[in-house]
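The following exercises are to be worked through with the sequence and the structure at hand. Each task is followed by a solution in steps.

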Amino acid sequence: MADPGKMEEGLGSAKVVREEEDVENMGKKEDKLVEEQRQGQEQEQEQQPLVKQKTKRVATLDAFRGLTIVLMILVDDAGGAYARVDHSPWNGCTLADFVMPFFLFIVGVAIALALKKIPKVKDAIRKICLRTLKLLFWGVLLQGGYSHAPNDLVYGVDMKQIRWCGILQRIALVYLIVALIETLTTKLRPTVLKPGYSSIFTAYRWQWLGGFVAFVIYMVTTYSLYVPDWSFDVTTDDETTRYTVKCGMRGHLGPACNAVGYVDREVWGINHLYADPVWQRLKACTHSSPSAGPFREDAPSWCRAPFEPEGLLSSISAILSGTIGIHYGHVLIHFKGHSERLKQWVSMALGLLIVAIILHFTDGEASDIRCSRDHILSILHPGMNAMLIYVLGAQAILPAFVNGWYYESTNNTLVFWIQKHIFNNVWHSVRLRTLLYVIFAEIVFYGVLSGILHKLGIYWKL
């Protein structure tokens, strides 16, 4: 006969084992349920469309971009009245000559911020190429000769005369090269910098190498390429005159025989270059210098020739401006304190200034300005919608649209009425009324417009 105590003990042990097994099975069921729920959520997320998270904007970059847009409108529309504001006819540096380097600098900073994390290189390259094509398309459409805004209410361009180069085309080239280097070297750069001032330069050495190669290509071509004699035709009142420019030299840096113009004439064709270059305001070309005026009787033949200010060779050298911008963007990413950033930025700017003095060339850089968002609000909004303001304002598409609604005569439009009754009839000085019109009817107007678009959440990005 079995001992009742032992039987009770055995039953108790079996009960404990069963309870442990039940707990273990329940735990397994719970784990399985959690895993199924997780897989279901993952499948749900894969099926749902990806929602792009709102990226945090850098207010100072938007403000600087807005200032550059304002500066472009100012020099384009008031430069005719103030020659010192307009582009330098050849050598020298005026306010207008800062616009393009500023744009390229901004492009470089923006690339560094946008590409600091690249999940898939192939997708990034595809987006870079697509954006480059968009910039090229809008550049040719706006500056190729198709648009005759704002005064002429006609559209269309003779393909034999279309201009292939321009502002957006140069930005597209610089963006493409700088962004591709940043993307293709993403696995070669460290996430954390080593101690030392030069560590940021060594970490991004491939970016600097790309800028240096572009600079070397420009310098070697400029001083070593042989420029032969060349000819061009000028048609006025159904009469065509042919002019010949005598060159036969290398390393010439003047308007007539430089390698930059020769490359563009060979690559694009002389009929596809900018027809009214600023060198027409040189003393050798007009007695009205530095303003525009009729040609001198003894003006050299090249004064009447076309020249491309945003040509191929000079756009290659502009890659260096984008490289400098991306360096400043890298500093913004890796250094969190304002004092550390300023130390890097100011030292870099001083180094560039020394090089500029040596090369007898004036340049400028942007610095970190600490101010509240409210204080820079008026210049922040145009920078947040820079492409739209560039198209509507700098390329005069909006005034052209308004001029399309005229009464009896094409000179009787709202734009012309404002110019005549609010500015021309009130301010008798041509220079003053031109400046006031540009400030209040253009810059302030587009600032308010961009602010309204910001409130409505409307932005145009390529």
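**Exercise 1. Determine which residues Tyr390 touches, leaving aside those up to four places away in sequence.**

Solution. The model is a predicted one.

Step 1. The contacts of Tyr390 are Ile69, Met72, Leu142, Gln143, Ile167, Leu168 and Gln395.

Step 2. Tyr390 also belongs to the largest nonpolar core, which has 68 residues. Within this core, Tyr390 is one of the residues that touch the most other members, together with Ile73, Ile111 and Ile171.

Step 3. Helix H3 (residues 99–114) supplies the largest share of this core, namely 11 residues.

Step 4. Another core, of 21 residues, lies apart from it; among its members are Val227, Val245, Ala256 and Tyr262.

**Exercise 2. State how many residues of helix H13 are buried, and describe what follows the helix.**

Solution. Step 1. A residue counts as buried when its relative accessible area is under 20%.

Step 2. In helix H13, which covers residues 386–394, nine of the nine residues are buried. Tyr390 is one of them, and others include Ala386, Met387 and Gly393.

Step 3. Just after H13, Ala396 adopts a positive phi of about 60°.

**Exercise 3. Explain why the pairs of Arg163 with Glu308 and Glu310 tie together parts that are far along the sequence from one another, giving the separations in residues.**

Solution. Step 1. In general, side chains of opposite charge can pair when their charged atoms come close.

Step 2. Glu308 and Arg163 form a salt bridge in which the closest N and O atoms are 2.7 Å apart. Because Glu308 lies in the loop between helix H8 (259–267) and helix H9 (312–317), while Arg163 lies in the loop between helix H4 (121–143) and helix H5 (167–184), the pair ties together parts that are 145 residues apart in sequence.

Step 3. Arg163 also meets Glu310 in a salt bridge, at 2.8 Å from N to O. Glu310 is in the loop between H8 and H9 and Arg163 in the loop between H4 and H5, so this pair links parts 147 residues apart in sequence.

Step 4. The relative accessible area is 1% for Glu308, which is therefore buried. Arg163, at 10%, counts as buried, and Glu310, at 16%, counts as buried too.

Step 5. Through shared partners, salt bridges join Arg163, Glu308 and Glu310 into one network.

Step 6. The count of salt bridges comes to eight. Another one pairs Asp298 with Arg296, with the closest N and O atoms 3.0 Å apart. Arg296 is partly exposed, at a relative accessible area of 22%.

**Exercise 4. Classify Ile217 and Ile452 as buried, partly exposed or exposed, and place each in its helix.**

Solution. Step 1. Partly exposed residues fall between the limits of under 20% for buried and over 50% for exposed.

Step 2. Ile217 lies in helix H7 (residues 205–224). Its relative accessible area is 39%, so Ile217 is partly exposed.

Step 3. Ile217 is one member of a nonpolar surface patch that includes Leu188, Trp206 and Phe212 and has about 780 Å² of accessible area together.

Step 4. The unreviewed UniProt entry lists residues 206–226 among its "transmembrane region" spans. In the model, this span is 90% helix and 5% strand, and its end C-alpha atoms lie 31 Å apart.

Step 5. Ile452 is found in helix H16 (residues 430–455). With 46% relative accessibility, Ile452 is likewise partly exposed.

Step 6. Ile452 and His381 are separated by 71 residues in sequence, and their C-alpha atoms by 8.8 Å in space.

Technical notes: Residues are numbered from 1 along each chain as its sequence is written. This is a predicted model: local features need pLDDT of at least 70, side-chain atom pairs count only at pLDDT 80 or more; totals for chains, interfaces and linings use all residues. Side-chain values use heavy atoms; hydrogens and water are left out. Helices (H or I, at least four residues) and strands (E, at least two) are DSSP runs, numbered from the N terminus. Buried means under 20% relative accessible area, exposed over 50%, partly exposed in between (1.4 Å probe, protein chains only). A nonpolar core is a set of buried Ala, Val, Leu, Ile, Met, Phe, Trp, Tyr and Cys residues joined through side-chain atoms within 4.5 Å. Contact means heavy atoms within 4.5 Å. UniProt positions are given in the numbering used here, feature names are shortened, and annotations may be inferred rather than shown by experiment. Patches are made of residues with over 30% relative accessible area and no salt bridge: like charges are joined within 9 Å, nonpolar side chains (Val, Leu, Ile, Met, Phe, Trp, Tyr) within 5 Å. Accessible areas come from the Shrake-Rupley method with a 1.4 Å probe; for residues, only the protein chains shown count as cover. A salt bridge is a side-chain nitrogen of Lys or Arg within 4 Å of a carboxyl oxygen of Asp or Glu.
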